[in-house]
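Student: Hey, can we go through this one together? I'll just ask things as they come up.

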Amino acid sequence: SAGGPVLTLGLMGIGIIGAAGAGRVRVGVLLALANAACLLALAIALGLPVLQHLIPVGSVMIIASLSFAARGALFTKTLAHKAWLMALFVVLGEASVLLIAAVFPGVLPDWFLALLPAQWANIAIQASISGDGMLPAASALLALAGTAATTLLAARFWFRPWPYPLMFTT
């Protein structure tokens, strides 16, 4: 289904670029959640069974929004007023990989897809929309939440030397 990648790209684009442009995590999260609400309303209008699984879908949206907004906030720490541009490039790169994986399944190796937070969000969103519950999405949600926590920690303590190893090991 195309629902997962569309919701993922919407959350990621608005969350990262919004946080990077505003320089605040809260702005990115709120924009991503507003976008998620609009996309879910569109999904409902198109007849997708989103309302049947609102709690899992909402949980995934909140965690993914926070994870993506944290990355935007980190870009603000490193690039200041050009952070939105870096965020745009990151979104375009991950979007192209997600679209290739959706259009040509099996072309990209699984180990490569496993490295992308957008793919983690896509897995979690697909599982929550399909009604499989939170168990299939648990590892992806844990990865997203861990990335969000680590990224926020690194952004907070950016100019100290210890966040670098932490960022690259999680």
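Student: So how many aromatic pairs does the structure hold?
Tutor: One. A pair means rings of Phe, Tyr or Trp (its six-membered ring) with centres within 6.5 Å; planes under 30 degrees apart are stacked, over 60 edge-to-face and the rest tilted. By the way, this is a predicted model: local features need pLDDT of at least 70, side-chain atom pairs count only at pLDDT 80 or more, and totals for chains, interfaces and linings use all residues. Residues are numbered from 1 along each chain as its sequence is written, and side-chain values use heavy atoms, leaving out hydrogens and water.

Student: Ok, and why is the pair edge-to-face?
Tutor: The ring centres of tryptophan 111 and phenylalanine 112 are 6.0 Å apart and the planes sit at 85°, so the pair counts as edge-to-face.

Student: Is tryptophan 111 buried or exposed?
Tutor: Exposed, at 59% relative accessible area. The cut-offs are under 20% for buried, over 50% for exposed and partly exposed in between (1.4 Å probe, protein chains only). Phenylalanine 112 is partly exposed, at 28%.

Student: New topic: where is asparagine 122?
Tutor: In helix α6, residues 117-130. Helices here are DSSP runs (H or I, at least four residues) and strands are too (E, at least two), numbered from the N terminus. Asparagine 122 is buried, with a relative accessible area of 9%.

Student: What does asparagine 122 touch?
Tutor: Gly4, Pro5, Thr8 and Leu98, not counting residues up to four places away in sequence. Contact means heavy atoms within 4.5 Å.
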